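User: I should like to go through this model and ask what stands behind each description.

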Amino acid sequence: MDRVEGHLDSGQELRDGLAVDTALSTLVVVLVYIVVKVSVDGIRQWRARVSILVVGAGPVGLAAALVAVRSGKVLNLTVLDERSRTALLCRPQQIALDPRSVKFLLALGVDFDNIEGCWHNDHFFTKIGVFHEHLLSILEQRKQTLDIRILLGTKFTEEYMRKMSQVEWPKIIIVADGSCGESSSLLGVNSEYIVESCNAYGANAALERPDQRQVPTPEIRAHNLYFDLSAYGIDVVSSGKDTSGKPGFHLKIYGTFRNRYMALACKASDAKVVRFLRYTPNSSVMKNIFHQSFNAYKTDIEPRMSDLTFPHMQCSRRLFEIMLSHRRVTSAFIEGDNAVVALEGEAARVLNFDTGPSGCGVNLGLRGLESSEEFIYKIATAVDQIDVFEALAAKIKHSKQVVEDFKLNGLSASMFE
């Protein structure tokens with residue numbers, strides 16, 4: 001009996017040993033498979049490169065090109081713009097880059113110490129042409145190590161697409177040719193815009209003075225302004241705690257001394273003054289408001305707006321509702337060509353309140369680029385269409401978040417604070 005039990009114990013030990021060996025062998029095989037797969041995937045992701053086409057060489061388009069370069073996933077990069085180099089570099093409008101945009105651009109290699117401009121309250125002010133020149137110079141320096149083509153004076157058309165061979169056809173197309181650009185429609189991207197109110201009213205004015213300097217100038221902001229419109233038959237509350245009839249207006253004066261711009265805004269209200277300024281048929285009302293406001297808040301070193309310069313000022317006839325328009329589709333997949341399209345800048349979202357030269361539009365456009373590097377990486381390393389669609393979904397989600405953030409805080413940060 002003892003001998004039989006000994007044989008049974010030995011057999012059990014043998015089976016247990018074989019089970020352990022089998023388990024260990026299986027584990028080793030699995031671990032080897034995982035290590036090999038991770039290594040192969042890692043090498044594939046590290047080596048993955050894509051062709052990228054950027055349509056539009058404005059501030060957002062050129063910044064998008066720098067984002068592509070920083071992603072490390074560029075096989076070749078082409079930047080197109082129908083404007084000539086001279087036209088891009090001679091633009092006199094001034095832009096104001098807010099602190100968040102400055103930080104974003106610093107990471108892309110922008111050297112603000114080598115750009116003609118000025119700082120004020122952590123904002124950087126420069127002429128848009130000067131900004132273009134600096135971004136182009138960075139891209140041209142990178143030509144030494146990357147295949148980068150900058151084709152200025154070249155329009156993105158059906159003929160241009162036909163001339164591209166299958167090898168040249170880009171994997172990623174970034175459209176940044178503005179709200180009036182035709183590239184998105186040529187690529188078959190839905191052109192429908194969603195228009196939403198920013199719950200505010202505004203008006204704009206512009207004045208060109210050829211005798212003044214074309215140098216970057218910090219913007220001027222004035223808050224809680226009240227206008228005496230009694231001459232037009234509008235009575236407002238003059239004292240007491242009830243200010244419902246006296247909504248505070250916000251003024252911004254910006255641009256160079258030669259190209260002066262003004263923006264006037266107030267939060268949505270049904271106050272008597274607001275209703276009057278929204279519906280008045282008298283176009284001289286807004287002109288007089290801008291005239292008096294400019295002379296009251298201009299810098300000490302620039303001349304007042306005189307009776308001679310007053311007729312040259314152009315401005316809104318009345319207050320209008322400030323609206324943000326954004327594309328219903330900001331990212332798309334072109335199945336036949338196996339390429340993805342991302343819309344950026346004013347091609348994706350635009351404000352009808354013209355503070356673009358002061359930076360509002362540029363900063364809004366740069367917000368959209370904050371997810372572009374990850375987007376490019378995901379597309380470059382995608383294994384199948386599921387990965388591509390996940391990348392597109394993430395980009396669309398971010399685009400929607402940019403819109404929501406602007407509606408909550410963007411206009412306030414630009415005008416009301």
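User: Which residue is the bridge partner of Thr 78 in S6?

Analyst: The bridge partner of Thr 78 in S6 is Arg 149. This is a predicted model, in which local features need pLDDT of at least 70, side-chain atom pairs count only at pLDDT 80 or more, and totals for chains, interfaces and linings use all residues. Residues are numbered from 1 along each chain as its sequence is written, and side-chain values use heavy atoms, with hydrogens and water left out.

User: What makes S2 and S6 paired strands?

Analyst: Two strands pair if DSSP finds at least two bridges between them. Strand S2 (residues 74-81) is joined to S6 by five bridges, so the pairing criterion of at least two is met. The two strands run parallel. Strands here are DSSP runs (E, at least two residues), as helices are (H or I, at least four), numbered from the N terminus.

User: Why are S6 and S14 said to stand at the edges of the sheet?

Analyst: The open sheet of six strands has the order S6-S2-S1-S7-S15-S14, with mixed pairing. Strand S6 (148-152) and strand S14 (331-334) each have a single partner strand, so one side of each lacks a neighbour in the sheet. Neighbouring strands in this sheet are turned by 15 degrees against each other on average, direction ignored.

User: Which strands does H2 touch, and what angle does its direction make with that of S2?

Analyst: Helix H2 (residues 59-71) packs on the sheet, touching strand S1 (50-55), S2, S6 and strand S7 (172-175). Contact means heavy atoms within 4.5 Å. The direction of H2 makes about 175 degrees with that of S2.

User: Why are H11 and H12 called roughly antiparallel?

Analyst: Helix H11 (residues 372-380) and helix H12 (residues 385-416) pack at an angle of about 170 degrees, with their axes 9 Å apart. Axes are lines fitted to C-alpha atoms, for helices over the stretch in contact, and angles run from 0 to 180 degrees between N-to-C directions. Angles over 145 degrees count as roughly antiparallel, and H11 and H12 are therefore roughly antiparallel to each other. Among the residues making the contact are Phe 375 of H11 and Leu 392 of H12.

User: What share of the protein chain counts as buried?

Analyst: Of its 417 residues, 47% count as buried, meaning under 20% relative accessible area with a 1.4 Å probe, protein chains only.

User: What pairs with S13, and in what sense?

Analyst: Strand S8 (residues 193-208) pairs with strand S13 (residues 320-327) in the antiparallel sense over seven bridges. S13 and strand S16 (residues 349-351) also pair in the antiparallel sense, over three bridges. His 326 of S13 stands opposite Ile 194, and in S16 the bridge partner of His 326 is Arg 349.

Key. Buried means under 20% relative accessible area, exposed over 50%, partly exposed in between (1.4 Å probe, protein chains only). Angles under 35 degrees count as roughly parallel, over 145 as roughly antiparallel, 65 to 115 as roughly perpendicular and the rest as oblique.
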